[in-house]
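Thank you for letting me take a few minutes of the meeting. I would like to walk through one structure with you, going from a single helix outwards to the whole chain.

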Amino acid sequence: MSRRKYVDPSGKSLEDYPRPSVAVDTAVLTLDPDLGLVVLEVLRPDGKHWVLPGTFLHERETLADAVERSLAQKANVHGLRPRQLHVFDDPHRDDRGWVLSVAHIAVVRLEQLVGLTPGATRLVPVVPTGRLYGHDDIVERAVAELRSRYRDNADPDRLLGDTFTLRELRHVHEVVSGKQLQADNFRRAMEGLVVGTDELASRGRGRPAELFRRRDIAVN
């Protein structure tokens, strides 16, 4: 049984209306011990510009599949589950034409990016420099969203393991926020968000510190 072609009250079909190309772009954020909060960039085919990994949506392809394909093909990154961040719909934002970008964000541990394609990928600090070819606004939005999540939650993206010391937790929050946090104030802020395990950390020098875990609280 053939499907009847849709026609609106003005007599036009969907094909009669101009439509933008749809792209996906992903801000992959992680913590580097030397560089701090960094974002993954890939080199464009022209060999001149660095951008976020992204691609145009193929016919009948889901956004999630397009994101997965772009990360695999552009950066050799697999197994991530980025979440939608924002739709950037300024019709003049892309010099190639009318492109609607559905931006995504993935916050991962550094070891999840060990297979990056040499020479075609890099991890750089998120500080805006205007270096990204049309994607600085996506990175800025991704960083703001990340910092908002960490403001009232204990490492919600699990950049640490299941257990951690308060010092380790505070360090992660400092790197994410981009500022130093006072130890006593941070401890009070984490009350109710973490639970002691009655175990001590054996790693590193100095007096063993108590290990904590995240309290099971739903995070949007």
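In the helix α2, the buried residues are I138, V139, A142, V143, L146, R149 and Y150, and I should say at once that we are looking at a predicted model. Those residues cover an arc of only 130 degrees around the axis, which means that they lie on the same side of α2. On the face turned away from that buried side, α2 carries the exposed residues E140 and R151. As for the length of this helix, its 16 residues should span 22 Å at 1.5 Å a residue, and the C-alpha atoms at its ends are 23 Å apart, which agrees.

What do the buried residues of α2 pack against? Their partners are the strands β1, β2, β5 and β6, together with the helix α3.

Let me take β6 next, where eight of the nine residues are buried, so that the strand is mostly covered. β6 runs parallel to β1, and nine bridges join the two; within that pairing, A27 has I105 of β6 as its bridge partner. With β5 the sense is antiparallel, and five bridges join β5 to β6, while F88 stands opposite S101 in β6. For anyone new to this, strands of a sheet pair through backbone hydrogen bonds, either parallel or antiparallel.

Now to the interior, where we can keep in mind that in soluble globular proteins nonpolar side chains tend to be buried together. The largest nonpolar core here has 33 residues, and those with the most contacts inside it are L29, L37, L169 and V194. The elements that each give two or more residues to this core are β1, β2, β5, β6, α2, α3 and α4, and the largest share, six residues, comes from α2, the helix with which I began. This core also draws at least three residues from each of domain 1 (21–151) and domain 2 (154–214). There is a second, separate core of 16 residues, which includes V28, V42, A106 and V108.

From the second domain I would pick out the helix α3, whose buried residues are L166, L169, V172, H173, E174, V175 and V176. Its twelve residues should span 16 Å at 1.5 Å a residue, and its end C-alpha atoms are 16 Å apart, which agrees. After α3 comes G178, which has a positive phi, near 75 degrees.

There is also an open sheet of three strands, in the order β8-β10-β9, with antiparallel pairing. Its edge strands, β8 (163–164) and β9 (194–200), each pair on one side only. Between β9 and β10 (residues 210–214) there are four bridges in the antiparallel sense, and V194 stands opposite R214 in β10. Which residues does V194 contact, leaving aside its neighbours within four places in sequence? They are A154, F164, L166, L169, F212, R213, R214 and R215.

Finally, let me step back to the two domains that the domain assignment gives, domain 1 (21–151) and domain 2 (154–214). Taken over C-alpha atoms, their centres are separated by 28 Å, and eleven residues of domain 1 are in contact with eleven residues of domain 2. If you look again at the structure, I would suggest starting from α2, whose buried residues pack against elements that include β6 and α3. Thank you, and I am happy to take questions.

Note on methods:
Residues are numbered from 1 along each chain as its sequence is written. This is a predicted model: local features need pLDDT of at least 70, side-chain atom pairs count only at pLDDT 80 or more; totals for chains, interfaces and linings use all residues. Side-chain values use heavy atoms; hydrogens and water are left out. A nonpolar core is a set of buried Ala, Val, Leu, Ile, Met, Phe, Trp, Tyr and Cys residues joined through side-chain atoms within 4.5 Å. Buried means under 20% relative accessible area, exposed over 50%, partly exposed in between (1.4 Å probe, protein chains only). Domain bounds come from an automatic or database domain assignment. Contact means heavy atoms within 4.5 Å. The expected span of a helix is 1.5 Å times one less than its number of residues. Two strands pair if DSSP finds at least two bridges between them. The arc is that of the directions from the helix axis to the C-beta atoms.
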